[in-house]
Amino acid sequence: MKAPAFAYVKPASLAETFELIERYGEEARLLAGGQSLVAALNMRLAAPRVLIDIGGLREFAGINVMEGTLAIGALTRHRDVERSPEIARHLPLLHQALPHVAHAAVRNRGTFGGSIAFADPAAELPACSLALDAKFLIASKERARRVAAREFFKGLYETAMEPGEILLAGEFPVLESGYRSAFQELARRHGDYAIVGLAAHGRLANGVLSDVRLAYFGVGATPVLARNAAAAFEGKAFSDAAVSAAQAALEHDLEPSDDIHHSAAAKMHLARVLTGRVMAQLAGAER
Ligand SMILES: Cc1cc2nc3c(=O)[nH]c(=O)nc-3n(C[C@H](O)[C@H](O)[C@H](O)COP(=O)(O)OP(=O)(O)OC[C@H]3O[C@@H](n4cnc5c(N)ncnc54)[C@H](O)[C@@H]3O)c2cc1C
């Protein structure tokens with residue numbers, strides 16, 4: 001199918017973008033890489049009268065490290081995050097996750113900000129942001145504010161952003177000494193959206209795990225930080241007993257629903273399988 005007719009505008013500055021948002025209101029949608037929005041238009045799931053192409057706001061594309069924080073501009077393409085030496089060094093979780101985001105052709109166009117703003121519950125980057133306790137910088141014409149990832153993802157394709165706001169950047173604490181990350185997902189084919197995935201981050205000192213953060217995706221309307229499962233590893237060495245305790249505790253963290261391909265029970269099973277695999281990877285105990 002083809003998209004319904006729309007007008008197209010490409011502002012050259014953030015100020016001009018806010019003017020256009022004000023002028024067209026709910027009739028307009030922001031266009032970044034177009035890898036989700038254009039598909040939605042073609043399938044007639046969205047029919048905005050105007051597309052505001054923010055791809056020209058190059059000041060919001062790029063990766064910067066400053067004083068313990070790594071900022072990824074919203075317009076940074078997935079491919080640039082995937083290939084960035086700063087990301088590999090400071091945010092190994094994102095470095096591991098990026099090759100799983102769609103296929104190379106989509107990563108060449110899709111943007112970090114588009115993925116976060118779109119908030120697909122099976123997407124990798126929202127879950128990684130949650131595991132790494134990132135913040136998002138959001139601006140409207142009147143003000144700028146920061147929202148923690150744990151408060152940003154509100155529901156199915158729903159975020160804390162209000163009408164008139166634009167996501168400008170994600171801000172991540174850089175990897176601290178002693179901390180490690182691990183990432184895996186189960187998908188029908190590499191590059192497909194995950195059936196279930198897990199982004200994990202935590203401390204490993206003298207073989208003892210602490211401060212573990214487990215962010216599951218594909219298991220509900222938003223990515224989920226599993227606090228009960230993570231607590232099963234606190235102050236412990238990696239062991240089969242700790243994995244079993246975490247797998248049991250997931251009952252209190254996750255409430256997957258049936259979808260057209262998988263039952264809730266199958267998703268819970270896969271989440272438990274991933275818990276063992278990813279924590280073994282995090283602890284350097286892969287068997
Ligand atoms: C075949 C295929 C497979 C895919 N597989 C995966 C996958 O496995 N994992 C995955 O995570 N993604 C996947 N994607 C989606 C891809 O990652 C997209 O790039 C991403 O979801 C959206 O980014 P975009 O820049 O293309 O945004 P767009 O499509 O341009 O926009 C998406 C939405 O976000 C809004 N938006 C965009 N930028 C901003 C901003 N800065 N501020 C506020 N709102 C904004 C837009 O208005 C729109 O509503 C896939 C896409 C395709 C076509």
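Entry 1, terms. I take two strands as paired if DSSP finds at least two bridges between them. The model I am reading is a predicted one.

Entry 2, strand S5. I looked up the partner of Leu70 in S10 and found that Leu70 bridges to Phe172. S5 and strand S10 (residues 166–173) run antiparallel and are joined by 5 bridges. I then turned to S4. Strand S4 (residues 63–66) and strand S5 (residues 69–73) are also antiparallel, with 4 bridges between them. One of the partners here is Thr69 in S5, which is matched with Met66. S4 and S5 make a hairpin, and 2 residues lie between them. I checked the turn and noted that Glu67 has a positive phi of about 45 degrees.

Entry 3, the sheet that holds S5. I traced the order as S4-S5-S10-S6-S7, an open sheet of 5 strands with antiparallel pairing. At the edges I find S4 and strand S7 (144–148), each of which pairs on one side only. On average, neighbouring strands in this sheet are turned by 25 degrees against each other, direction ignored.

Entry 4, the parallel sheet. I went back to the start of the chain, where 3 strands form an open sheet in the order S1-S3-S2, and the pairing is parallel. Why is one side of S1 and of S2 left without a neighbour in the sheet? Strand S1 (7–9) and strand S2 (28–31) are edge strands with a single partner strand each, so one side of each has no neighbour there. For this sheet I noted an average turn of 25 degrees between neighbouring strands, direction ignored. S2 and strand S3 (residues 50–53) run parallel and are joined by 4 bridges. Leu31 has Asp53 as its bridge partner in S3.

Entry 5, helix H1. What does H1 touch in the parallel sheet? Helix H1 (residues 14–24) packs on that sheet and touches S1, S2 and S3. I noted about 170 degrees between the direction of H1 and that of S3. I also looked for H1 against the antiparallel strands: H1 lies across strand S6 (135–139) and S10. To S10, the helix runs at about 130 degrees.

Entry 6, domains. I listed the domain assignment of the chain as domain 1 (7–56), domain 2 (58–172) and domain 3 (182–282). I looked up one separation: the centres of domain 1 and domain 3, taken over C-alpha atoms, are 36 Å apart.

Entry 7, the second largest pocket. I read its volume as about 280 Å³. The lining has 19 residues, and the closest to the pocket centre are Leu132, Asp133, Pro173, Val174 and Glu176. How many residues of each class are in the lining? I have 9 nonpolar, 4 polar and 6 charged residues.

Entry 8, where that lining comes from. Domain 2 (58–172) and domain 3 (182–282) each contribute at least three residues to the second largest pocket. Which strand gives the most to this lining? S10 does, with 3 residues. At least two lining residues come from each of S10, strand S11 (179–186) and strand S13 (208–217). I close on S10, which I have now met as the antiparallel partner of S5, as a strand that H1 lies across and as a supplier of the pocket lining.

How values were computed
Residues are numbered from 1 along each chain as its sequence is written. This is a predicted model: local features need pLDDT of at least 70, side-chain atom pairs count only at pLDDT 80 or more; totals for chains, interfaces and linings use all residues. Side-chain values use heavy atoms; hydrogens and water are left out. Axes are lines fitted to C-alpha atoms, for helices over the stretch in contact, and angles run from 0 to 180 degrees between N-to-C directions. Contact means heavy atoms within 4.5 Å. On a 1 Å grid over the protein atoms alone, a cavity is a set of points where a 1.4 Å probe fits but cannot get out, and a pocket is an open set with protein on both sides within 12 Å along at least five of seven lines; lining residues have an atom within 4 Å of a point. Grid points are joined across faces, edges and corners, and a volume is the space filled by probe spheres set on the points. Ala, Val, Leu, Ile, Met, Phe, Trp, Tyr, Cys and Pro count as nonpolar, Asp, Glu, Lys and Arg as charged, and the others, Gly among them, as polar. Domain bounds come from an automatic or database domain assignment.
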